[in-house]
Amino acid sequence: MNTWFKRLLAALAVFAVLAGLVQLNDVTKPELVNTDGRQFTKAVVTDVLRDNVQENGSRIGDQIVTLRLADGKEVTANCPNGLLFGTVCEPGMSVIVIASKTGSLASYTVYSYDRMTAVIAFLAFFALLLMLVGGKKGIKSVIALTATFACFLFFFFPLLLHGISPIFAAVITSTIVLSLTVWLICGPTRQAIAAGLASFGGVLSAGIAAEVFGRLAHLSGYNVPNIESLLFISQNSKIDVGELLFAGILFASLGAVLDIAMDVSAAAAEIHSQSPDKPVRELLKSGMRVGQDVMGTMAATLILAVFGGSLGTWVLDYVYDLPFLQLLNSNSLDIVIMQGLSGGIGVILTVPIAAGCSAFLLAHQRASVHETSPSQIG
């Protein structure tokens, strides 16, 4: 096949994918609140007209401040004294403002401190550090992370709004993310195939374990804290919010499962390169030994990540000294247990799958080489 023809096919494939994504993202999103006449804009605090600091140093009530908007206009705004919204304004501070207009009337409220510079700088530092330490593979890792985020934003979320089952959409998205990541890092090799198959098997195992645990413990996606907002979305869209919890478990286990699958397959490939005549059973044992060394720490990493994400709930339960039966049977705690243990099961089962796939594929590669070796011909 000529080079120009291959390039043409690749260009057509890219065009078809982009056209499909544009069509997929043509969705209607329900409005949670009426946002007519409201917009967010950047501004700089020029003066504090009325402060809310008290004699004892505490802050009660709101600040009244003067802001200079991005277009240069000077306005007076209210700055709430809240932990979730608002901030403590000082002259020269960059803030985000909610501008609400009704007819000829306009009001301005400080939403938060402008964190865009800090967020972009931290992301850039992370990407730069990954590329400096990882070299070419670090650059590929940055591309893989960007592609992963794009898959969530432009593929997974639109699928939900088109009425696709969240679990099914999560399986498809996970498969794409796994394929892209493994291909970018390892290339089209047998190691990549083994890691991809093992990762998919581990993620699927985590999802099945979560589903079984949910059925046995009578847990569903309707037992989550923000269910009221999710129910509003389900009533005004095609999203099945009951499956979002289990779809999230698939994504939560994806990173840890992919990590251990890559470790085992890479170790097996290295052993095979040093000892090409090593039998399948020995390759399997070597892969299992490597996986066993990594498995415990990886499962602990996943469970600790889930624990850290719900630390506020754990602290409240501990401080209030809630009864054991209440804790063990609370929806919030059982969901955390389900997330941690299901992901851990996926990590554990990834080890034998990765070791088995690596041993089989590498041994098959050796057999293919021997069959086509010149010494075996004639």
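This dialogue covers the cavity and the cysteines of a predicted model.

Student: What makes Cys79 count as buried?

Tutor: Its relative accessibility is 1%. Buried means under 20%. Cys79 therefore counts as buried.

Student: And why is Cys151 called buried?

Tutor: Cys151 has a relative accessible area of 11%. That value also falls under the 20% cut-off, so Cys151 is buried.

Student: Why is there no bond between the sulfurs of Cys79 and Cys89?

Tutor: The closest cysteine sulfur to that of Cys79 is in Cys89, at 3.5 Å. A disulfide needs the two sulfur atoms within 2.5 Å. The pair is therefore too far apart for a bond.

Student: How many disulfides does this rule give for the structure?

Tutor: The count is 0.

Student: Now the cavity search. How many cavities of 30 Å³ or more does the whole structure hold?

Tutor: The search finds 1. The volume of the largest cavity is about 50 Å³.

Student: Which residues line the largest cavity?

Tutor: The lining consists of Ala170, Val171, Ser174, Leu178, Phe200, Val203, Leu204 and Leu250.

Student: Which helices each supply at least two residues of that lining?

Tutor: They are α3 (166-186) and α4 (190-216). The largest share, 4 residues, comes from α3.

Student: How do the lining residues divide into nonpolar, polar and charged?

Tutor: There are 7 nonpolar, 1 polar and no charged residues. Ala, Val, Leu and Phe are among the types that count as nonpolar. Ser is not on the nonpolar or charged list, so Ser174 is the polar one.

Technical notes
Residues numbered from 1 in each chain as written. Predicted model: local features only at pLDDT ≥ 70, side-chain atom pairs only at ≥ 80, totals over all residues. Heavy atoms only, no water. 1 Å grid on protein atoms, 1.4 Å probe; cavity = no way out; pocket = protein on both sides within 12 Å on 5 of 7 lines; lining within 4 Å. Points joined across faces, edges and corners; volume = space filled by probe spheres on them. Buried < 20%, exposed > 50% of the residue type's maximum accessible area, 1.4 Å probe, protein only.
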